[in-house]
Amino acid sequence: MPERDMWTVRLSEFADGELPDDERVRLEAHLAGCAQCRQTLDELISVRDLAGALRERQPDRDLWPGIAARIGAPSPAVLPLRRRWSFTLPQLAAAALLLVAVGATGTVMLTSHEASGPTGATIAAQPAAAPSAVPAAFAANVAYDDAVRQLNAILVQHRGSLDSATVRVLEESLATIDRAIARARAALATDPTDPYLNAHLAETMRQKVTLMRRAAALVAAS
Amino acid sequence: MLAAVTLILAATTGLQQRTDTTIAAPPGARLELHNLSGTVHVGTWDRAQVRVRADHGSRDRIRIEAHGAVIRVQADRLRGEPGDIDYDVTVPRTMAVEVGGTDTDITVESVGGDLRVESVEGDITIRNAGGTVLVNSAEGGIQVDGGRGTIRISGIEGDVGISRARGEIAVETVEGDVTLDDVESDNVDISTVEGDIIYRGTVQDSGNYHLTTHEGDVTLIVAAPLDATVSVATFDGSFEAAPAFGVTLSPGRHGTRRSFVIGSGAARIELESFEGAIRLQRR
């Protein structure tokens, strides 16, 4: 396998700081002499940093207890969500939790492309948190849209280097996820305050970005 | 006609060549092997050596190189990409292994070190792994049988099967079904978009079990009595539990997540399907 191919598949881990020290040092040495890998790395870091903007926007306080009390859902203290999966885009995982926390506010922003704005009774019940929650959810959407746009540009630019069967698989899988996103958004339009639907939509959006990022890694390695 | 076929076969096999090389493996060494297309089988033995047998075209060169603690196996040819290569590699039992392929069926057996397998197309089979198992595949089925370490699988299209595993398990895929059988784990996190999920195994008191799909069904098959706090969420699906668990949920509005406690409620179970059936069945 050519030297470049050996490392391009590891660039994503490198960008996330997840490579072991010895491999990191070897990859850094390779990057010094490989312009193509440096360009791919720059693209990956650009996408990561876009999503990273979410980290700077947190709700003023935890909204979940208030929402949970109204809908009869368990408190996280009783039923902790202990996800151990290592997300390739942890910033979007944070967005998923953020969208759950902001509840209806996030829903308004998420469904704004396809539905007129719901009234969002839960927002009114949380006046103190709403002002900060709105830009937080907005940031999540902006970061998601930008991440998808950038990754899509990479895929369009390099798709010719992939085997046609692989392109078919990727396109079908992306279509599957897009259908799931559309269904989740439609469901949210009928019940904007539902925390499961908010979390499900955010998780499905994260899966799309993860898949697109994997596809970008595949074209980089091909 | 028969003579013609015989001649073609002879010509084809005449282009084939076998490489058989054994080199020393220093303590803590790691094997890195990439095969563009063909097959890879990795087994183990008790020697501190790596043996590489490869059936390949006569124009392909198999390069086996040691770089410090890394033994790298790869192929090239003077012009163009290597053709189909079938590797049969034997490594020390505790060696860490990384295998990559593009259009490659990969089988790894009894590797005690950490294992990483990546393939674009082709089936992946892993048996009796001793360390952490990381699998990344776009197309093709993934089967993991046995294993004591953490298993993390990322697929796109293709079914995932895990049996007799004892470590933490995380699976994420888009199109494929995920089936776990005879699993004893205290941390399981399974996610698919279009596939079904079946979990058949134990539920440990300190365990966390999260099974989520969009379109598929989720089936949890466990022994009774059960001590778990169970959260069930669906938008347009259904939920049913075996009578042995004593759970009766009144029909709720769409999208409602509902929780209930069985026994002491010690374990945490989350079952989610946007529009599929969720089943809690007795083993």
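## Nonpolar cores

The largest nonpolar core holds 66 residues. Tyr87(B), Ile126(B) and Ile162(B) have the most contacts inside this core. Another core, of 36 residues, lies apart from it. Its members include Leu170(A), Ala184(A), Leu197(A) and Leu218(A). In soluble globular proteins, nonpolar side chains tend to be buried together. The model described here is predicted.

## Chain A overall

Chain A has 11 helices and zero strands. Read from the N terminus, its elements are α-α-α-α-α-α-α-α-α-α-α. The chain has 222 residues, and 53% of them count as buried.

Contacts in chain A with a separation of 6 or more come 77% from residues 24 or more positions apart. The exposed surface of chain A is about 9500 Å². Carbon and sulfur atoms supply 57% of that area.

## Helix H3 of chain A

Helix H3(A) covers residues 21-33, 13 residues in total. At 1.5 Å a residue, H3(A) should span 18 Å. Its end C-alpha atoms are 19 Å apart, so the expected span and the model agree.

Which residues of H3(A) are buried? They are Glu23(A), Leu27(A), His30(A) and Leu31(A). These residues cover an arc of only 100° around the axis, and therefore sit on the same side of H3(A). On the other side, Asp21(A), Ala29(A), Ala32(A) and Gly33(A) are exposed.

## Thr204 in helix H11

Helix H11 of chain A runs over residues 195-221 and contains Thr204(A). Is Thr204(A) buried or exposed? With a relative accessible area of 2%, Thr204(A) is buried, because the cut-off for buried is under 20%.

What does Thr204(A) touch, leaving aside its neighbours within four places in sequence? It is in contact with Ile177(A), Ala180(A) and Ile181(A). Ala180(A) is 24 residues from Thr204(A) along the chain. The C-alpha atoms of the two are separated by 7.2 Å.

## Parallel strands in chain B

Strand E15(B), residues 178-183, pairs with two strands described here, E13(B) and E17(B). E13(B) spans residues 160-163 and pairs with E15(B) in the parallel sense, over four bridges. E17(B) spans residues 197-201; five bridges join it to E15(B), and these two strands also run parallel.

Asp181(B) is a bridge partner on both sides. In E15(B), Asp181(B) is the partner of Ser163(B). In E17(B), the partner of Asp181(B) is Arg200(B). Ile162(B), one of the residues with the most contacts inside the largest core, falls within the residue range of E13(B).

Conventions:
Residues numbered from 1 in each chain as written. Chains lettered and ligands numbered in written order. Predicted model: local features only at pLDDT ≥ 70, side-chain atom pairs only at ≥ 80, totals over all residues. Heavy atoms only, no water. Buried < 20%, exposed > 50% of the residue type's maximum accessible area, 1.4 Å probe, protein only. Contact = heavy atoms within 4.5 Å. Areas by Shrake-Rupley, 256 points an atom, 1.4 Å probe, with all protein chains shown as cover. Pairing = 2+ DSSP bridges. Core = buried A, V, L, I, M, F, W, Y, C linked by side-chain atoms within 4.5 Å. Expected span 1.5 Å × (residues − 1). Arc of directions from axis to C-beta.
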